[in-house]
Amino acid sequence: MPKKEITFEAGDVLFKKGDICDFVYVVVDGAAEQFYEIRGKARPLKEEGKGAVLGKNGALGGVYDSSVRAKRKLTVERMTRDEYIAEPVSYTHLRAHET
């Protein structure tokens, strides 16, 4: 199955902690922010850029272990959880091209 490229605008949430993991995302362009919500307020953990794989822990555990949103305009390649589990190594080549 071909992977689907999706663009998110700044502030759009890709997934939230505790959601069932249906998809894993590879950052093609832009930046994503991993965060936790504490008492209803988002607390940033780290920024992820080109080549980062978002949701990989969720793919293995079945649910996302943190929340992720677009920090600025973000383009990702989306694959199903099963696709990621079947071929995770094929996406490591993207990390070599990080800026």
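Here is a friendly exchange about a predicted model of a single chain.

Biologist: Let's start with the overall layout: what pattern of helices and strands does the chain follow along the sequence?

Modeller: Happy to walk you through it. The chain holds two helices and eight strands. Read from start to end, their pattern is β-β-β-β-β-β-α-β-β-α.

Biologist: In what order do the four strands of the open sheet stand?

Modeller: We can build the order from its pairings. Strand β8, residues 74-80, is joined to β1, residues 4-8, by five bridges, and these two run antiparallel. Strand β3, residues 23-29, is also antiparallel to β8, with six bridges between them. With β6 added, the open sheet has antiparallel pairing and the order β1-β8-β3-β6.

Biologist: Which strands stand at the edges of that sheet?

Modeller: Look for strands with a single partner. Such a strand has one side left without a neighbour in the sheet, and this holds for two of them: β1 and β6 (53-54).

Biologist: Which residue in β8 stands opposite aspartate 29?

Modeller: It helps to go through the facing positions on β8. Glutamate 5 stands opposite glutamate 77, and valine 27 stands opposite valine 76. For aspartate 29, the facing residue in β8 is threonine 75.

Biologist: Is threonine 75 buried or exposed?

Modeller: Its surroundings are a good place to begin. Threonine 75 is in strand β8. Leaving aside residues up to four places away in sequence, it touches Glu5, Ile6, Thr7, Val26, Val27, Val28 and Asp29. Its relative accessibility is 14%, and the cut-off for a buried residue is under 20%, so threonine 75 counts as buried.

Biologist: How far apart in space are lysine 3 and glutamate 77, C-alpha to C-alpha?

Modeller: Here is a nice case of sequence against space. Lysine 3 lies in the segment before β1, and its relative accessible area of 32% makes it partly exposed. Although lysine 3 and glutamate 77 are 74 residues apart in sequence, their C-alpha atoms are separated by 6.3 Å.

Biologist: What share of the contacts with a separation of 6 or more comes from residues 24 or more positions apart?

Modeller: This one concerns the whole chain. Among contacts with a separation of 6 or more, those between residues 24 or more positions apart account for 77%.

Biologist: Turning to the rings, how is the pair of phenylalanine 8 and tyrosine 25 classed?

Modeller: The structure holds three aromatic pairs. In the pair of phenylalanine 8 and tyrosine 25, the ring centres are 6.4 Å apart and the planes stand at 75°, so the class is edge-to-face. This pair links distant parts of the chain, 17 residues apart, with phenylalanine 8 in strand β1 and tyrosine 25 in strand β3. The planes are over 60 degrees apart, which gives the class edge-to-face.

Biologist: And how is the pair of phenylalanine 15 and tyrosine 25 classed?

Modeller: Phenylalanine 15 is in strand β2 (residues 13-15) and tyrosine 25 is in β3, so this pair ties together parts ten residues apart in sequence. The centres are 6.1 Å apart, with 20° between the planes. Planes under 30 degrees apart fall in one class, and this pair is stacked.

Biologist: Which residues do the ring pairs link into a cluster?

Modeller: Several members are buried. Phenylalanine 8 has 13% relative accessibility and counts as buried; tyrosine 25 is buried at 5%, and phenylalanine 15 is buried at 5%. The cluster linked by ring pairs consists of Phe8, Phe15, Tyr25 and Tyr64.

Biologist: Out on the surface, which residues form a nonpolar patch?

Modeller: Leucine 45 is a handy way in, with its place in strand β5 (residues 41-48). Its relative accessible area is 44%, which makes leucine 45 partly exposed. The patch has about 250 Å² of accessible area together, and its residues are Tyr36, Ile38 and Leu45.

Biologist: Last one: what percentage of the area exposed by the chain do carbon and sulfur atoms supply?

Modeller: Start from the residue count: 36% of the 99 residues count as buried. The chain exposes about 6000 Å², and the part supplied by carbon and sulfur atoms is 49%.

Note on methods. Residues numbered from 1 in each chain as written. Predicted model: local features only at pLDDT ≥ 70, side-chain atom pairs only at ≥ 80, totals over all residues. Heavy atoms only, no water. Pairing = 2+ DSSP bridges. Patch = residues over 30% accessible without salt bridge, like charges linked within 9 Å, V, L, I, M, F, W, Y side chains within 5 Å. Areas by Shrake-Rupley, 256 points an atom, 1.4 Å probe, with all protein chains shown as cover. Salt bridge = Lys/Arg side-chain N within 4 Å of Asp/Glu carboxyl O. Buried < 20%, exposed > 50% of the residue type's maximum accessible area, 1.4 Å probe, protein only. Contact = heavy atoms within 4.5 Å. Phe/Tyr/Trp six-rings, centres within 6.5 Å; stacked < 30°, edge-to-face > 60°.
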